[in-house]
Amino acid sequence: MRFTLLIVLLSLFSNISCWAQFSIRDEIRENPYYSGSNNVVYADSIPISYTPVPKGKKAFYISHYGRHGSSFLIHKKYYDLPFSVLLQAQKENKLSLLGESTFKKVSILYNESRRRQGELTPTGIYQSQQILRRMFQQYPAIFNGEAHVDAKSTPVSRCILSMEYGLLELIKMNPQLHIQHNASEKDMYYMNLRDTALYLHKMNKESKEIYKAFYAKYIDYLSPMLSLFNDTAYAKSLDLKSLNEALFELATNAKNSEKGKDIDLFNIYTIDEIYRLWMTDNVWWYLNYGFNPYNGGKQPFSQRNLLRKIIEQADSCIALEKPGVTLRYGHDTMILPLVCLMNINGYGQVIDDMEKLVEQGWINYHVFPMAANIQFIFYRNNKRDRNVLVKVLLNEKEATLPLESKYAPYYRWKDVRKYYLDLLATYAE
């Protein structure tokens with residue numbers, strides 16, 4: 001009996017490491033758009049079911065950092081390259097039936113995106129409105145009367161518009177709100193820090209070699225790309241690697257635009273190819289923005305000014321009778337490293353084997369879809385209450401912090417504050 005039990009337990013533990021990988025593979029099989037990493041569309045609706053607030057505590061302040069809503073791809077090449085390559089192939093009668101149908105889809109996306117690269121789409125507008133609507137509905141007391149809302153954005157149109165559409169939604173629900181909003185280079189030192197020193201080490205030689213080896217092991221771009229042409233020799237004369245990269249970007253971003261909602265480019269690929277493309281992209285994001293031990297393990301500290309600002313502003317607002325809300329609008333490349341820096345939901349792990357990212361639960365699209373957001377909700381009994389609690393929401397879902405708390409997912413602010421200030425003190429400029 002004991003031997004049988006041991007065999008069962010060994011079998012169970014040997015399969016635990018595979019569970020995350022297979023569950024993510026299944027998730028992507030059911031919805032290939034999850035393979036889009038930072039192109040994933042924010043959920044249309046969030047089932048809000050939160051852990052009961054500790055007795056006597058009431059939400060009194062919200063601090064937020066959010067990514068802009070759905071947008072067109074930033075880089076024009078992702079539209080231009082596949083359009084021009086497939087157009088020329090069509091002129092020379094080199095497209096297969098799959099290639100012809102793919103060209104029609106690409107043409108729609110190409111025409112829709114002209115002169116709109118990086119711009120907010122109607123889907124992005126809706127996301128920005130609904131996130132703040134849910135915030136208002138969930139914490140009405142914070143937005144009551146002439147509550148103060150301080151909003152800032154990076155000076156990029158998709159971020160500014162995400163902020164403005166969200167604020168308009170708040171005004172519709174309470175016209176008495178006192179709102180300040182701005183988008184200035186003055187705030188970029190924390191809203192979107194350009195840290196040259198860290199940037200230069202991001203993809204160092206060792207990280208590049210790791211990524212190159214992972215890519216070579218898992219990515220076969222020839223098979224899907226050759227299927228688009230009826231002449232193999234012609235196809236192989238093209239830069240199929242770049243074509244594959246561009247087409248996959250279009251495939252994963254399509255649902256962010258109006259015309260793209262009805263376009264499916266995933267039929268170019270098998271499910272296994274889609275999963276491998278995402279898995280390789282997941283590695284790229286970890287190497288660039290996670291605690292990658294091969295480039296010094298410091299990249300998340302690119303958000304040190306942002307985290308410090310969040311702490312400082314929270315301290316200042318806690319002292320007020322009615323603090324209100326602090327909103328900040330920026331980018332995916334702030335959200336992801338901030339989540340890693342704070343080790344929210346375990347994303348601050350140091351992982352030295354890229355094969356184990358999925359197994360360890362480091363899944364990029366769970367962090368930074370379009371309109372991704374981190375919300376810090378503060379609770380107290382009254383202004384004299386020194387035992388202030390804070391709960392963190394990642395994309396409106398309760399998140400864990402790397403601290404002990406008998407109230408979890410609510411944490412004592414003084415513990416959270418000390419933990420992160422001590423962490424920030426370890427970084428040498």
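Before I name any helix, let me say that a helix here is a DSSP run of H or I with at least four residues, numbered from the N terminus. With that in hand, we can place Glu164, which lies in helix α5, residues 157-173. Please keep in mind throughout that what we are looking at is a predicted model.

Staying with Glu164 for a moment, is its side of the helix buried or exposed, or something in between? The relative accessible area of Glu164 is 25%, and because buried would require a value under 20% and exposed one over 50%, Glu164 counts as partly exposed. The C-alpha atom of Glu164 is separated by 9.1 Å from that of Gln129, although the two residues are 35 apart along the chain.

Let me turn to another helix, α3, which runs over residues 97-113. It has 17 residues and reaches 25 Å from its first C-alpha to its last, which is close to the 24 Å expected at 1.5 Å a residue. Which residues of α3 are buried? They are Gly99, Thr102, Phe103, Lys105, Val106, Ser107, Leu109, Tyr110, Glu112 and Ser113, and these buried residues pack against α2 and α11. As background, an α-helix has 3.6 residues a turn, so residues three or four places apart point the same way. Just after α3, Arg115 takes a positive phi of about 60°.

Now to the cysteines. With a disulfide taken as two cysteine sulfur atoms within 2.5 Å, the count comes to zero. Cys159, for example, is in no disulfide, and the nearest cysteine sulfur, which belongs to Cys340, is 19 Å away. Cys159 counts as buried because its relative accessibility is 0%, and Cys317 is buried as well, with a relative accessible area of 11%.

The rest of what I want to show concerns empty space. Rolling a probe the size of a water molecule over the atoms shows where empty space is left.

The largest pocket holds about 1300 Å³ of space. The elements that give two or more residues to its lining are α2 (77-91), α7 (196-202), α8 (205-218), α11 (240-253), α12 (271-289) and α14 (332-342). Which of these gives the largest share of the lining? That is α12, with seven residues. In total 44 residues line this pocket, and those that lie nearest its centre are Asn38, His75, Tyr78, Trp284 and Trp285. By class, the lining divides into 17 nonpolar, 15 polar and twelve charged residues. You may recall α2 and α11 from a moment ago, as the helices against which the buried residues of α3 pack.

The second largest pocket has a volume of about 400 Å³. Its lining is made up of 17 residues, with Tyr365, His366, Pro369, Asn395 and Lys397 lying nearest the centre, and it divides into eleven nonpolar, three polar and three charged residues.

Finally, there are the enclosed spaces, for the structure holds five cavities of 30 Å³ or more. The largest cavity has a volume of about 70 Å³, and among the residues that line it are His64, Arg67, Ser128, Ser162, Tyr329 and Asn373. Both β1 (58-67) and α4 (122-138) supply at least two residues of this lining. What classes of residue make up the lining of the largest cavity? Four are nonpolar, seven are polar and one is charged.

Terms used
Residues are numbered from 1 along each chain as its sequence is written. This is a predicted model: local features need pLDDT of at least 70, side-chain atom pairs count only at pLDDT 80 or more; totals for chains, interfaces and linings use all residues. Side-chain values use heavy atoms; hydrogens and water are left out. Buried means under 20% relative accessible area, exposed over 50%, partly exposed in between (1.4 Å probe, protein chains only). On a 1 Å grid over the protein atoms alone, a cavity is a set of points where a 1.4 Å probe fits but cannot get out, and a pocket is an open set with protein on both sides within 12 Å along at least five of seven lines; lining residues have an atom within 4 Å of a point. Grid points are joined across faces, edges and corners, and a volume is the space filled by probe spheres set on the points. Ala, Val, Leu, Ile, Met, Phe, Trp, Tyr, Cys and Pro count as nonpolar, Asp, Glu, Lys and Arg as charged, and the others, Gly among them, as polar. The expected span of a helix is 1.5 Å times one less than its number of residues. Contact means heavy atoms within 4.5 Å.
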